[in-house]
Amino acid sequence: MKTYVIGLDYGSDSVRAVLIDTQNGAELASEVYWYPRWKAQQYCNPSENLFRQHPLDHIEGLEHTITSVVKQSEVNPETVAGICIDTTGSSPMPLNEAGVPLALVDGFKENPNAMMVLWKDHTSVKEANEINELARSWGGEDYTKYEGGIYSSEWFWAKILHIAREDKAVKEAAYTWMEHCDFITYLLADNKDLKSFKRSRCAAGHKAMWHESWGGLPAKEFLSKLDPYLSDLRDRLYDDTFTSNEIAGHLNEAWATKLGLSTKCVIAVGTFDAHSGAVGAKVDNNTLVRVMGTSTCDIMVSSYETLGDICVKGICGQVDGSVIPGMIGLEAGQSAFGDVLAWFKSILYWPIDNLVMTSTILTEDQKQKLQEELDAKFIRTLAEQAEKIPHAVAVPMALDWVNGRRTPDANQELKAALSGLSLGTKAPHIFKALVNAICFGSKMIVDRFESEGVKIESVIGIGGVARKSPFIMQTLANVLNRPIKVAESDQAPALGAAIYAAVAAGIYKDVIEASKVMGSDFEAEYYPKANEVETYAALMESYKELAEFVEKTIKK
């Protein structure tokens, strides 16, 4: 009898589900749900880098997407053998003792501090700095050493500490905290014991300073020096962590009824979107998988023998089993990639939104059609014009730090910059400068890996930017001076989650075997152009000079 699995991928703006044939990786159905509260920018304040999401966006999206793919595919519900969830991270949320998110409890339903703290929320910079200072000075274990040596405001403990200090009511009502990928898994699974529930290894290892060598999470003595609340909270979190080829439980009766599935359906341990995306793209030794969306996550795997005792500096962690069980998963990334271009688009859209779309000359129907045409052509036209600009023509130099810097050497207090503007600078020149900047930021990550002894032989791109922007991908190939393959799948993270589900359900013996059968093929490959590599190498030096000046000279 044929079997099927479902991968559920939670991104920053939407959740998508795919229903996959385990025999060949064929996608039988997919569905996307855009978060309505997030789309309305509720519970957010970009000027303060505050980005929160209401769990109802995720719960409603869960029901909508899974019921849709089951209905579309017309498969027998009894043949859906497993589900795995991947999400953004670190994106923790507070829960009460019954395992209910505080945002669903009376008194907290409109409180941003009770929401999920999205990965890109940087309100806890001060707390992250405290963690880093303490890790280096307290005289005990440096709990940041497997996190690249620098703890980020994007991560678990810093966010919780910030909320606890800012909101006494949330602090007192929160029995525990869960990463997004753990909570959705917990919601579906039949194991409702918060202490024994299987938490994600990749979330704990990369974002919460969990490591086997010191017995799991940081010691209570260390945490209490930050705040006694964290020390107390540690007892209500977890001891062990688990990889996503393992079973977290089976689909509970309530959700089986809602989704039209069987309680025999296995629920795999949750994971992060970038890690499952790498699995969906058939990640292997010495391969860098770039998950390119609003930000990037750069994922590699290494054998224990290859990595040895190396602690790679300035990345987002190295964790045993976080990508492929039995190997060390390495993560780096850029805090903004597509977001850099989205920011520029929003700048150029200001007169359109505030003058054209408020005009009384145009009818509402005309405004709608104009908006649709602009959305369809805007970035594409900028890219076409930017690509035509000869290298001999002066293009500004830009830094890609519009949301701080994730890797190398996390620093969320840094800001972006533009230099070399003139009266001849037009929108396509700035667009090209920003594309160059995100590619130069990528090169800094590659250089860091290689300077730390991690060899990169091939590069794979996945995500919307990789598939939709030949201009960016060709620029990236030229800057990295490496060929870049592009995964064919529109939904590589969801596909990777489905692969984990297939292993958890016992259909394949391990993730590598499953990914060879079910993983994405490649639809394109970009090769560096020899005549442009040298030009970009020179521009890269200018990028480094600007980066050093801004980091060392410009006041925060």
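This is a short walk through some strands, a buried glutamate and the empty spaces of the structure above. The model is a predicted one, and every value below was computed from it.

Let's begin close to the N terminus, with strands E2 and E3. E2 covers residues 14-21 and E3 covers 27-34. The two strands run antiparallel and are joined by seven bridges. One of these pairings puts Ala-17 together with its bridge partner in E3, Glu-31. E2 and E3 make a hairpin that leaves five residues between them, and in that turn Gly-25 has a positive phi of about 80 degrees.

Ala-26 belongs to the loop between E2 and E3. Is this residue buried, partly exposed or exposed? Ala-26 counts as partly exposed because its relative accessibility is 32%, and the partly exposed class lies between the limits of 20% and 50%. If we set aside the neighbours within four places in sequence, Ala-26 is in contact with Leu-19, Ile-20 and Asp-21. Ala-26 also gives us a long-range pair to look at: Gly-519 is 493 residues away in sequence, yet the C-alpha to C-alpha separation is 9.3 Å.

The next stop is an open sheet of three strands, arranged in the order E4-E5-E8 with antiparallel pairing. E4 and E8 are its edge strands, each pairing on one side only. As background, strands of a sheet pair through backbone hydrogen bonds, in either a parallel or an antiparallel way.

Take the E4 side of this sheet to start with. E4, residues 44-45, is joined to E5 by two bridges. Cys-44 stands opposite Phe-51, while Asn-45 has Leu-50 as its bridge partner. E4 and E5 form a hairpin too, with four residues between them; here Asn-49, in the turn, has a positive phi of about 55 degrees.

On the other side, two bridges link E5 to E8, residues 116-117, and these strands run antiparallel. In this pairing, Gln-53 is found opposite Met-116. What about the faces of E5, residues 50-53: are they covered or open? Both are covered, with Leu-50 and Arg-52 buried on one side and Phe-51 and Gln-53 buried on the other.

Now let's move much further along the chain, to Glu-331 in strand E16, which spans residues 328-334. Glu-331 counts as buried because its relative accessibility is 3%, and the limit for that class is under 20%. Which side chain does this glutamate meet in a polar contact? The partner is the side chain of Lys-207, at 3.1 Å. Beyond the neighbours within four places in sequence, the contacts of Glu-331 include His-206, His-275, Cys-297, Asp-298 and Ile-299, and also Ile-315, Cys-316 and Gly-317.

The last part of the tour concerns empty space. Rolling a probe the size of a water molecule over the atoms shows where such space is left.

The second largest pocket has a volume of about 290 Å³. Of the 16 residues that line it, the closest to its centre are Tyr-146, His-211, Tyr-304, Asp-320 and Ile-328. Helix H12 (304-307) and strand E15 (318-320) are the elements that give two or more residues to this lining, and E15 gives the most, with three. By class, the pocket's lining is made up of eight nonpolar, four polar and four charged residues.

Closed spaces come next: there are two cavities of 30 Å³ or more. The largest cavity has a volume of about 60 Å³. Its lining consists of Asn-285, Asn-286, Val-301, Ser-302, Thr-306, Leu-307, Ile-310, Gly-453, Val-454 and Lys-455. Strand E14 (296-302) and H12 are the elements that give two or more residues to this lining. The classes here are four nonpolar, five polar and one charged.

The second largest cavity holds about 30 Å³ of space. Around it are Phe-156, Glu-179, Asp-182, Arg-199, Ser-200, Ala-203, Ala-204 and Tyr-238. By class, this lining has four nonpolar residues, one polar and three charged.

Notes:
Residues numbered from 1 in each chain as written. Predicted model: local features only at pLDDT ≥ 70, side-chain atom pairs only at ≥ 80, totals over all residues. Heavy atoms only, no water. Buried < 20%, exposed > 50% of the residue type's maximum accessible area, 1.4 Å probe, protein only. Polar contact = N/O pair within 3.5 Å; in protein donor to acceptor, adjacent residues only side chain to side chain. Contact = heavy atoms within 4.5 Å. 1 Å grid on protein atoms, 1.4 Å probe; cavity = no way out; pocket = protein on both sides within 12 Å on 5 of 7 lines; lining within 4 Å. Points joined across faces, edges and corners; volume = space filled by probe spheres on them. Nonpolar A, V, L, I, M, F, W, Y, C, P; charged D, E, K, R; others polar. Pairing = 2+ DSSP bridges.
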